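Dear colleague,

I am handing over the structure we spoke about, and I would be glad if you could look through it alongside the notes in this email.

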Amino acid sequence: GHLELRGIGGKNVAEFSTQELREFKKRLDAADIRVSAIGSPIGKIGINDDFNPHLAVFERMLDAARIMGARYIRIFSFYMPKGEDPQRYFEPVCERLEQFKARAKALNLVLLHENEKGIFGDIAPRCKQLMDRLGDETFKMTFDPANFVQCGQPVTEAYRMLSEYIEYVHIKDAKFVDGSVVPAGYGDGKIETLLTALNENGYDGFLSLE
């Protein structure tokens with residue numbers, strides 16, 4: 001009954017016009033399908049890239065969430081310069097995420113930080129840093145086991161560290177040996193273990209099949 005809106009017809013959600021979004025909403029309504037989250041590309045730029053244009057894109061994502069009736073917007077925590085210690089960029093990352101958070105909070109929307117290879121919050125300890133600093137009812141986490149695997153991060157360890165912040169889950173699996181994405185349950189993402197733990201902890205959110 002739901003889909004996570006990332007793109008349609010080869011076009012990313014960040015590129016849709018207001019008119020296109022309204023037309024897509026009509027088509028989804030006609031099929032009785034709702035949007036669970038806006039799968040935005042926000043935060044998928046370098047931490048040293050010009051931020052103001054990206055902030056304008058984020059404003060469009062707020063509009064997309066409003067038009068599509070979605071409560072959640074998926075975001076990332078900026079790509080780190082190669083060869084540098086990500087820790088030195090913690091404060092700049094938080095400053096930018098705080099700007100997103102303030103705008104989303106004013107509209108009663110929830111930002112979901114997704115762990116992703118190459119960004120500040122790629123491994124569990126740095127995700128926890130972000131959540132300890134920013135986490136509240138308007139800033140939570142999308143947990144992606146495959147992305148953790150691709151960073152060499154054991155998924156069960158990540159879950160133990162981050163379980164209190166998880167609001168949304170991607171069902172996606174990968175292999176440690178080469179990072180290749182495989183069907184759920186065929187990799188090292190511990191999907192069955194993850195689902196069991198979520199169920200035991202009373203998880204009642206979305207499971208998004210990626």
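Below is what was found, beginning with the chain as a whole and then turning to three places within it.

Please keep in mind throughout that this is a predicted model. The protein chain contains seven helices and eleven strands, and its C-alpha atoms fill a box of roughly 45 × 35 × 30 Å when this is taken along the principal axes. A compact globule of 210 residues would have a radius of gyration near 17 Å, and the protein chain, at 17 Å, therefore agrees with that expectation. Of these 210 residues, 49% count as buried, while residues 24 or more positions apart account for 74% of the contacts that have a separation of 6 or more.

The first place is helix H6, which spans residues 155-162 and in which Val155, Ala158, Tyr159 and Leu162 are buried. These four cover an arc of only 100° around the axis, which means that they sit on the same side of H6. In an α-helix there are 3.6 residues a turn, so residues three or four places apart point the same way. The cover over the buried residues of H6 includes helices H4 (124-134), H5 (145-150) and H7 (191-200), together with strands S7 (139-143) and S8 (166-171).

The second place is aspartate 173, in strand S9 (residues 173-174). What does this residue have around it, given that aspartate 173 is buried yet has no salt bridge? The nearest side chain of opposite charge, that of lysine 175, is 9.3 Å away, but a polar atom of the aspartate 173 side chain lies 2.9 Å from the backbone nitrogen of glycine 187, and the side chain also reaches the backbone nitrogen of aspartate 188 at 3.3 Å. Once neighbours within four places in sequence are left aside, the contacts of aspartate 173 include Ala146, Val182, Pro183, Tyr186 and Ile191, as well as Gly187 and Asp188.

The third place is glycine 39, in the loop between strand S4 (34-38) and helix H2 (51-68). Glycine 39 counts as buried because its relative accessibility is 1%, the cut-off being under 20%. Leaving aside neighbours within four places in sequence, glycine 39 is in contact with Glu4, Leu5, Arg6, Val13 and Arg74. Its C-alpha atom is separated by 9.3 Å from that of alanine 14, although the two residues are 25 residues apart along the chain.

With best regards

Conventions: Residues numbered from 1 in each chain as written. Predicted model: local features only at pLDDT ≥ 70, side-chain atom pairs only at ≥ 80, totals over all residues. Heavy atoms only, no water. Buried < 20%, exposed > 50% of the residue type's maximum accessible area, 1.4 Å probe, protein only. Helix = DSSP H or I, 4+ residues; strand = E, 2+ residues; numbered from the N terminus. Arc of directions from axis to C-beta. Contact = heavy atoms within 4.5 Å. Lys, Arg positive; Asp, Glu negative; His and termini not counted. Salt bridge = Lys/Arg side-chain N within 4 Å of Asp/Glu carboxyl O. Polar contact = N/O pair within 3.5 Å; in protein donor to acceptor, adjacent residues only side chain to side chain. Rg over C-alpha atoms; globule rule 2.2 N^0.38 Å.
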